[in-house]
Amino acid sequence: MTGLRVGDRVGYGSAGPSYVEARVMRASALVRLPDGIADDVVAATLTRGMTAEYLLFRLHELKAGETVIVHAATGGTGLIVCQWAKDLGATVIATVGAESKFEMAREAGADHVLLHSAEDFVQQVRELTNGRGVDVAYDSIGRDTFMKSIECLRPRGLMVAYGNASGKPEPLDVLALSRHGSLFLTRPNLGHYVATREDLELSTGRFFDALERGIVWPHPVERFALEEAPAAHRHLEDRSKHTI
């Protein structure tokens, strides 16, 4: 049972493509939208918000006092992760691709902002954590940052590789996890965290609540007509705007 009725405003975040004017969908994949959240905000942020929710609450329940790295902290998902992690009481080390994005990351709650391309990136993180390392690394970049993230973790820390913006990481020697401190590594997928109706409603409910309470405030929405899909893709690919 979904509790949905004819005429409800509904949305979805992990149920296939959306480049259509109309489509038929299973009711079990849909969630009712709160009145106070606009359609375009939902369209632009729901998948990102659901991703942030499972990363911070169910993959690893982030606790106050923990220290995390959030890569691509001014990107669509990274921004929400950064804001939400700070609200939960974590110390947030954010990474971005250019110094021009430092201020945006700080406004999102980052305690420290670094360039993920810096040669001494790992050393900087070690200095910021007094040599301990971070509890969790949230890495959506992939190949360019994967091993650096591993090297930044504390013993028994958690590496969350949830994206591949720079390409797929090189194959990992599993013994490296032992050498760097008996580390944990996961490569999650949103679909597995909202596979049941209960999990779907939990995830979207938390995100909608965070939006309505101002805990997270995504990027301003850019609007494109369906026939302008190529321009929308070019906008997404333009990292100078607000992404990694």
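Helices (H or I, at least four residues) and strands (E, at least two) are DSSP runs, numbered from the N terminus. The model is predicted: local features need pLDDT of at least 70, side-chain atom pairs count only at pLDDT 80 or more, and totals for chains, interfaces and linings use all residues. Residues are numbered from 1 along each chain as its sequence is written, and side-chain values use heavy atoms, without hydrogens and water.

**Exercise 1.** State how many helices and strands the protein has, then judge its compactness.

*Solution.* Count the elements: nine helices and eight strands. Next, take the radius of gyration, computed over C-alpha atoms; the globule rule is 2.2 Å times the number of residues to the power 0.38. The radius is 18 Å, close to the 18 Å that the rule gives for 244 residues, so the protein is as compact as a globular protein of that length.

**Exercise 2.** Find the largest nonpolar core and the helix with the largest share of it.

*Solution.* Start with the terms. A nonpolar core is a set of buried Ala, Val, Leu, Ile, Met, Phe, Trp, Tyr and Cys residues joined through side-chain atoms within 4.5 Å. Buried means under 20% relative accessible area (1.4 Å probe, protein chains only). The largest core has 44 residues; Leu55, Trp84 and Phe207 are among those with the most contacts inside it. Helix H1 (39-59) is one of the elements that each supply at least two residues. H1 gives the largest share, eight residues.

**Exercise 3.** List some contacts of tryptophan 84.

*Solution.* Contact means heavy atoms within 4.5 Å. Leave aside neighbours within four places in sequence; the partners then include Gly49, Ala52, Phe207 and Val216.

Notes:
Buried < 20%, exposed > 50% of the residue type's maximum accessible area, 1.4 Å probe, protein only.
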